[in-house]
Amino acid sequence: MAAIAAAGPVPTELAPPRSRAGRRRPTWFSVPLRFLLPALIVAGWWVGSATGALSERVLAGPPAVWTAFTELLGTGQLLDFAAASFVRAAFGVGIGVAIGLTLGLLSGLSSLGEELVDSTMQILRAVPFLALVPLFIAWFGIDELYKVLLIAVATVAPMYAYTYLGVRNVDRKMVEAARSFGLTGPRLVLEVILPSALPGVLMALRVCLSISITGLIAAEQVGTREGVGYLVTLAQEYNRTDYMVLCVVLYALLGLVFDGLVRLAERFAMPWRGQVAIR
């Protein structure tokens with residue numbers, strides 16, 4: 001009792017807890033911060049080209065790349081090539097994501113599905129999709145079907161793996177609670193299991209979109225008259241490093257567009273994710 005008295009009076013009211021969520025940085029500061037490192041890289045590239053440290057034969061400078069950009073934009077070829085590449089990638093990713101998502105759900109929800117599907121998908125995941133290029137050309141020719149299917153095959157395995165892990169990591173207690181409220185069959189999958197696995201699915205979509213760029217490069221190297229890959233082929237034939245660098249920039253911009261679409265989907269589908277990270 002003496003020790004308690006010496007410690008001072010006991011508070012009769014509890015203090016309200018302090019919020020541990022940090023304030024988000026304002027947009028005017030956050031957005032330029034995302035582009036700080038790329039801007040520094042471009043600045044170093046520009047300085048190296050201007051001072052002669054980087055030879056034009058090795059790496060064209062930003063002014064030369066900008067001139068090539070304006071030339072292609074003026075002729076209308078740039079928009080046509082970029083649109084053709086975007087359509088091929090979109091169709092290929094759409095088919096691969098749909099198949100991978102379906103197989104991942106089937107394997108993750110059912111032991112029978114896992115026994116039927118998982119070993120085959122692991123074999124497909126272990127085979128580099130670039131090794132399938134000669135076979136696909138022999139099977140499907142060099143038309144659009146070959147290009148779309150190559151991108152689809154490249155994206156099936158990542159979508160399957162992340163979906164499978166996401167479904168298997170769903171809390172079983174949540175599933176049992178949903179079943180006790182009468183949710184079964186497709187409603188259980190669509191309203192409980194799939195939303196719980198959504199972080200893994202969206203991560204898989206981001207990985208698939210990144211891999212689709214590689215598949216697009218390989219697909220457009222053969223039998224095409226439109227697309228950024230065809231522009232790369234022309235640049236190699238005529239040794240135009242300015243066009244080569246421009247193609248790299250176009251692929252990078254295409255990747256940024258894909259990543260922005262996934263971020264937008266995450267913001268609408270999982271608005272709570274921004275409050276989880278320690279800022």
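A disulfide is a pair of cysteine sulfur atoms within 2.5 Å, and a search of the whole structure, which is a predicted model, finds 0 disulfides. Two of the cysteines, Cys208 and Cys247, are nevertheless buried, and their relative accessible areas are set out below together with the value for Ser49, a buried residue of helix H3.

| Residue | Relative accessible area | Class |
|---|---|---|
| Cys208 | 0% | buried |
| Cys247 | 1% | buried |
| Ser49 | 14% | buried |

**Surroundings of Ser49**

Ser49 lies in helix H3, which covers residues 36-51, and it counts as buried because its relative accessible area of 14% falls under the 20% cut-off. When residues up to four places away in sequence are left out, Ser49 touches Leu54, Leu59, Ala60, Gly61 and Pro62. Of these partners, Ala60 is 11 residues from Ser49 in sequence, while the C-alpha atoms of the two residues are 7.4 Å apart in space.

**Nonpolar cores**

The largest nonpolar core holds 44 residues, and the members that touch the most others are Leu188, Ile193 and Leu231. At least two residues of this core come from each of several helices, including H4 (62-75), H5 (77-109), H8 (144-168) and H11 (198-219), and the largest share, 9 residues, is supplied by H13. Leu188, with neighbours within four places in sequence set aside, is in contact with Val175, Ala178, Arg179, Leu183 and Ile193. Another core of 9 residues lies apart from the largest one, and among its members are Phe129, Val133, Phe136 and Leu150.

Definitions and conventions
Residues numbered from 1 in each chain as written. Predicted model: local features only at pLDDT ≥ 70, side-chain atom pairs only at ≥ 80, totals over all residues. Heavy atoms only, no water. Buried < 20%, exposed > 50% of the residue type's maximum accessible area, 1.4 Å probe, protein only. Helix = DSSP H or I, 4+ residues; strand = E, 2+ residues; numbered from the N terminus. Contact = heavy atoms within 4.5 Å. Core = buried A, V, L, I, M, F, W, Y, C linked by side-chain atoms within 4.5 Å.
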